[in-house]
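Take a moment to turn the model around before reading on. We'll start at one residue and work outwards from there.

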Amino acid sequence: IFEKGNILITRNIKFRDWLRSHPDDKLEYEKLKIKLSKIHFEGMGFANAKSDFINKILKKIEKET
């Protein structure tokens, strides 16, 4: 949940839309989340462990826009 106008809203929507239109990246993200869910049992560790993948996708998005 974000406050209105937070810049992370746009970032998250772009990430979501990318995964919707790029099935290979979506599958890779799905597999990563399953793997990480077996290692990280608390929210922040899980969230932080996904950062590299998310940043990789955000860089792809930047290159296309």
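Where does Lys50 lie? Find it in the loop between α3 (43-49) and α4. Keep in mind that this is a predicted model, and then look at how Lys50 sits. A lysine in a loop might make you think of solvent, but Lys50 is buried, with a relative accessible area of 13%; the cut-off for buried is under 20%. And what is Lys50 in contact with, leaving aside its neighbours within four places in sequence? The list is Tyr29, Leu32, Lys33 and Leu36.

Now zoom out. The protein has 4 helices and 0 strands, so to speak a plain α-α-α-α run from the N terminus on. Its C-alpha atoms fill a box of roughly 35 × 30 × 15 Å, taken along the principal axes. Of the 65 residues, 22% are buried. Among contacts between residues at least 6 apart in sequence, 49% join residues at least 24 apart.

Follow the chain out of that loop and you come to α4, which covers residues 51-64. This helix has 14 residues and reaches 20 Å from its first C-alpha to its last, close to the 20 Å expected at 1.5 Å a residue. Which residues of α4 are buried? They are Phe53, Ile54, Ile57, Leu58 and Ile61. These five cover an arc of only 135 degrees around the axis, which puts them on the same side of α4. If the spacing looks familiar, here is the reason: an α-helix has 3.6 residues a turn, so residues three or four places apart point the same way. Turn to the other side of α4 and you'll find Asp52, Lys59, Glu62 and Lys63 exposed.

What do the buried residues of α4 pack against? Their partners are α1 and α2 (23-37). Take α1 to begin with. At 1.5 Å a residue, the 15 residues of α1 should span 21 Å, and its end C-alpha atoms are 22 Å apart, which agrees. Phe15, Trp18 and Leu19 are buried in α1. Seen down the axis, these buried residues fall within an arc of 95 degrees, so they line one face of the helix. They pack against α2 and α4.

Let's go through those two contacts in turn. Two packed helices are described by the angle between their axes and the distance between the axes. For α1 and α4, the angle is about 85 degrees and the axes are 10 Å apart. That makes α1 roughly perpendicular to α4. On the α1 side the contact involves Arg11, Lys14, Phe15 and Trp18, and on the α4 side Phe53, Ile54, Ile57, Leu58, Lys60, Ile61 and Glu64. By type, the residues of this contact are 7 nonpolar, no polar and 4 charged.

With α2, the axis of α1 comes within 5 Å, and the two cross at roughly 110 degrees. Here too α1 is roughly perpendicular to its partner, α2. Phe15, Trp18, Leu19 and Ser21 in α1 meet Pro23, Asp25, Lys26 and Tyr29 in α2. The residues of this contact divide into 5 nonpolar, 1 polar and 2 charged.

One last thing to pick out on screen is Tyr29: it meets α1 from α2, and Tyr29 is also in contact with Lys50, the residue where we came in.

Key. Residues numbered from 1 in each chain as written. Predicted model: local features only at pLDDT ≥ 70, side-chain atom pairs only at ≥ 80, totals over all residues. Heavy atoms only, no water. Axes fitted to C-alpha atoms, helices over the stretch in contact; angles between N-to-C directions. Parallel < 35°, antiparallel > 145°, perpendicular 65-115°, else oblique. Contact = heavy atoms within 4.5 Å. Nonpolar A, V, L, I, M, F, W, Y, C, P; charged D, E, K, R; others polar. Expected span 1.5 Å × (residues − 1). Buried < 20%, exposed > 50% of the residue type's maximum accessible area, 1.4 Å probe, protein only. Arc of directions from axis to C-beta.
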